[in-house]
Amino acid sequence: MIMVSTDGSCLRNPGGAIGWAWVNHEGTSASGGAAVGTNQIAELQAVLEAIRAHPGSDELYIESDSQYAIKCASVWVQGWKRKGWKTASGGPVKNLELVKAIEAAIASRAGKVRFQWVKGHQGNHFNEKADVLAGQAALLAAAGKLPVAAATPAPPGDLSLF
């Protein structure tokens, strides 16, 4: 099983610079951002990038402090799809392109994807690390220095935040 924590950050919600990050519990991580977005977009992007970065047949277990992102990816998506991508009230699904991309990424994986909500800012090491990386990416995006979304390996045994 592959364990990954994700997080998103928005400097001014909505409309501020955003950052997203994922952290594999075995050491690799990635982050990126955009000049404008919302916290929900950042959270969904983090989940999408984590899934894309971990293809294969191993089960992927994603921890997130965003109930919105988890429910979009694993609960609400099936109903929205059945209803022609409409909400229960008949309105449009927010962040539809990201939701569809997550659904397609999950469908293309041989291994199952599971989600677990974790309470944010409560000392969960990997959630805290993803939070720091997402915040740093948002700051870089705000400064016009968008980070490259390449995975970065951690030194063996290094579980520090930096």
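# Reading the sheet and its helices

User: What is the bridge partner of S5 in β2?

Analyst: In β2, S5 has V23 as its bridge partner. Strands are DSSP E runs of at least two residues; helices are H or I runs of at least four; both are numbered from the N terminus. Two strands pair when DSSP finds at least two bridges between them. Strand β1 (residues 2-10) and strand β2 (residues 18-24) pair over 7 bridges, in the antiparallel sense.

User: What am I looking at, and how is it numbered?

Analyst: This is a predicted model, in which local features need pLDDT of at least 70 and side-chain atom pairs count only at pLDDT 80 or more, while totals for chains, interfaces and linings use all residues. Residues are numbered from 1 along each chain as its sequence is written, and side-chain values use heavy atoms, with hydrogens and water left out.

User: Which strand does β2 pair with besides β1, and in what sense?

Analyst: β2 also pairs with β3, in the antiparallel sense, over 6 bridges. V23 comes up again here: it stands opposite S29 in β3. The hairpin of β2 and β3 has 4 residues between the strands. Look at G27 in that hairpin: it takes a positive phi near 130°.

User: In what order do the strands form the sheet?

Analyst: Read across the sheet as β3-β2-β1-β4-β5. These 5 strands form an open sheet, and the pairing is mixed. At the edges are β3 (29-34) and β5 (113-117), each pairing on one side only. From one strand to the next, the twist averages 20°.

User: Which helices pack on the sheet, and which strands do they touch?

Analyst: Contact means heavy atoms within 4.5 Å. Angles run from 0 to 180 degrees between N-to-C directions, with axes fitted to C-alpha atoms (for helices, over the stretch in contact). Helix α1 (residues 39-53) packs on the sheet and touches β1, β2, β4 (60-64) and β5. The direction of α1 makes about 155° with that of β1. Helix α4 (residues 125-142) packs on the sheet too, touching β1, β2 and β3. The direction of α4 makes about 145° with that of β2.

User: How do the axes of α1 and α3 cross?

Analyst: The axes of α1 and helix α3 (residues 96-108) cross at roughly 20° and come within 9 Å. On the α1 side, the contact is made by I41, L44, Q45, V47, L48, I51 and R52. On the α3 side, L98, V99, A101, I102, A105 and I106 make it.

User: Take Q45. Is it buried or exposed?

Analyst: Buried means under 20% relative accessible area, exposed over 50%, partly exposed in between (1.4 Å probe, protein chains only). Q45 has 18%, so it is buried. Its place is in helix α1. Leaving aside neighbours within four places in sequence, Q45 is in contact with W20 and L98. Q45 and T6 are 39 residues apart along the chain, yet their C-alpha atoms are separated by 9.2 Å.

User: How many aromatic pairs does a search of the whole structure find?

Analyst: It finds 2. Phe, Tyr and Trp rings (for Trp, the six-membered ring) pair with centres within 6.5 Å; planes under 30 degrees apart are stacked, over 60 edge-to-face, the rest tilted. W76 and W80 form a tilted pair, 5.7 Å centre to centre with 45° between the planes. About one helical turn separates W76 and W80, because they are 4 residues apart in helix α2 (residues 67-82). W76 is partly exposed at 33% relative accessibility, whereas W80 is buried at 11%. Together with Y68, W76 and W80 form one aromatic cluster.
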